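Reader: I am new to reading structures and would like to take one part slowly. Please start with the whole chain and then go to the detail.

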Amino acid sequence: MLSRRSSRRTGPTTATRAVVMTRADNCCERCGVGVADIPASIHHRKPRRMGGTKDPAINAAENLALLCGTGTTGCHGWVESNRAEAKGLGWLVADWESPETVPMSDLYGHRFIFDDDRRVDLA
């Protein structure tokens, strides 16, 4: 008999997802397009890695961004396909970095960080 592995949820909680959606005003945080009627996804700036992680900081709002598209389309697809450039613009964060201290740049050159439930624009 084959053993059944229990599936374990490795993503953010429903409450954290709501915080991210509200912070983003239901718009892509990279390009600004409204995502109410188009595919969108919650992006982990510091990746979860294969199989997920037990580190609760990975699913904290400071590490998450609402992006249009999926892992292959839209801004989320761009981040996944252009990892070096995305890292330079703050959309990907190295394991040793704290996402709340790494600024991001949107398509219009605005630099900002996330402080839990709010976006802090930088001068």
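Reader: What does the accessible surface of the chain come to, and what percentage of it belongs to carbon and sulfur atoms? After that, please take a close look at arginine 119: which side chains does arginine 119 meet in salt bridges?

Author: This is a predicted model, in which local features need pLDDT of at least 70 and side-chain atom pairs count only at pLDDT 80 or more, while totals for chains, interfaces and linings use all residues. Residues are numbered from 1 along each chain as its sequence is written, and side-chain values use heavy atoms, with hydrogens and water left out.

The accessible surface of the chain is about 7,600 Å², and 53% of that belongs to carbon and sulfur atoms. Such areas come from the Shrake-Rupley method with a 1.4 Å probe, and for residues only the protein chains shown count as cover. Of the 123 residues in the chain, 39% are buried. Buried stands for under 20% relative accessible area, exposed for over 50%, and partly exposed for anything in between (1.4 Å probe, protein chains only).

The chain has three helices and five strands, in the order α-β-β-α-α-β-β-β from the N terminus. These elements are DSSP runs numbered from the N terminus: helices are H or I with at least four residues, strands are E with at least two. Among contacts with a separation of 6 or more, 56% join residues 24 or more positions apart, where a contact means heavy atoms within 4.5 Å.

Now to arginine 119. A salt bridge is a side-chain nitrogen of Lys or Arg within 4 Å of a carboxyl oxygen of Asp or Glu, and the structure holds five of them. In one, the side chain of arginine 119 meets that of aspartate 106, at 3.6 Å from N to O. Arginine 119 lies in strand 5 (residues 118-121) and aspartate 106 in the loop between strand 3 (104-105) and strand 4, so this pair ties together parts that are 13 residues apart in sequence. Arginine 119 also forms a salt bridge with aspartate 121, with an N to O distance of 2.9 Å. Asp106, Arg119 and Asp121 are therefore described as linked in a network of salt bridges, and its members have unlike surroundings: aspartate 106 is buried at 11% relative accessibility. Arginine 119 is partly exposed at 31%, and aspartate 121 is exposed at 55%.

Beside arginine 119 in sequence is arginine 118, whose salt-bridge partner is aspartate 115, with the closest N and O atoms 2.9 Å apart. Both are partly exposed: aspartate 115 has a relative accessible area of 36%, and arginine 118 has 46%. Arginine 118 also has a neighbour from a distant part of the sequence, since its C-alpha atom is 8.9 Å from that of threonine 22, 96 residues apart along the chain. Threonine 22 belongs to helix 1 and is exposed, at 62% relative accessible area.

Aspartate 106 leads on to arginine 30, which touches Asp106 as well as Leu67, Cys75, Trp78, Trp91 and Leu107, leaving out residues up to four places away in sequence. Arginine 30 is in the loop between helix 1 (14-23) and strand 1 (40-44). Arginine 30 is buried but has no salt bridge, and the nearest side chain of opposite charge, glutamate 85, is 6.2 Å away. For such charges, Lys and Arg count as positive and Asp and Glu as negative, with His and the chain ends not counted.

Tryptophan 91 touches Asp106 too; its other contacts beyond four places in sequence include Arg30, Leu67, Val79 and Phe112. Trp91 is also one of the residues with the most contacts inside the largest nonpolar core, along with Cys28 and Val79, and that core has 21 residues. Strand 2 (64-68), helix 2 (74-81) and strand 4 (111-115) are the elements that give two or more residues to this core, and strand 2 gives the most, with five. A nonpolar core is a set of buried Ala, Val, Leu, Ile, Met, Phe, Trp, Tyr and Cys residues joined through side-chain atoms within 4.5 Å.

Finally, the cysteines. A disulfide is a pair of cysteine sulfur atoms within 2.5 Å, and a search of the whole structure finds zero. Cysteine 27 is in none, as its nearest cysteine sulfur, on cysteine 28, is 8.6 Å away. Cysteine 68 is in none either, with the sulfur of cysteine 75 nearest at 3.6 Å. Cysteine 68 is buried at 8% relative accessible area, whereas cysteine 27 is partly exposed at 22%.
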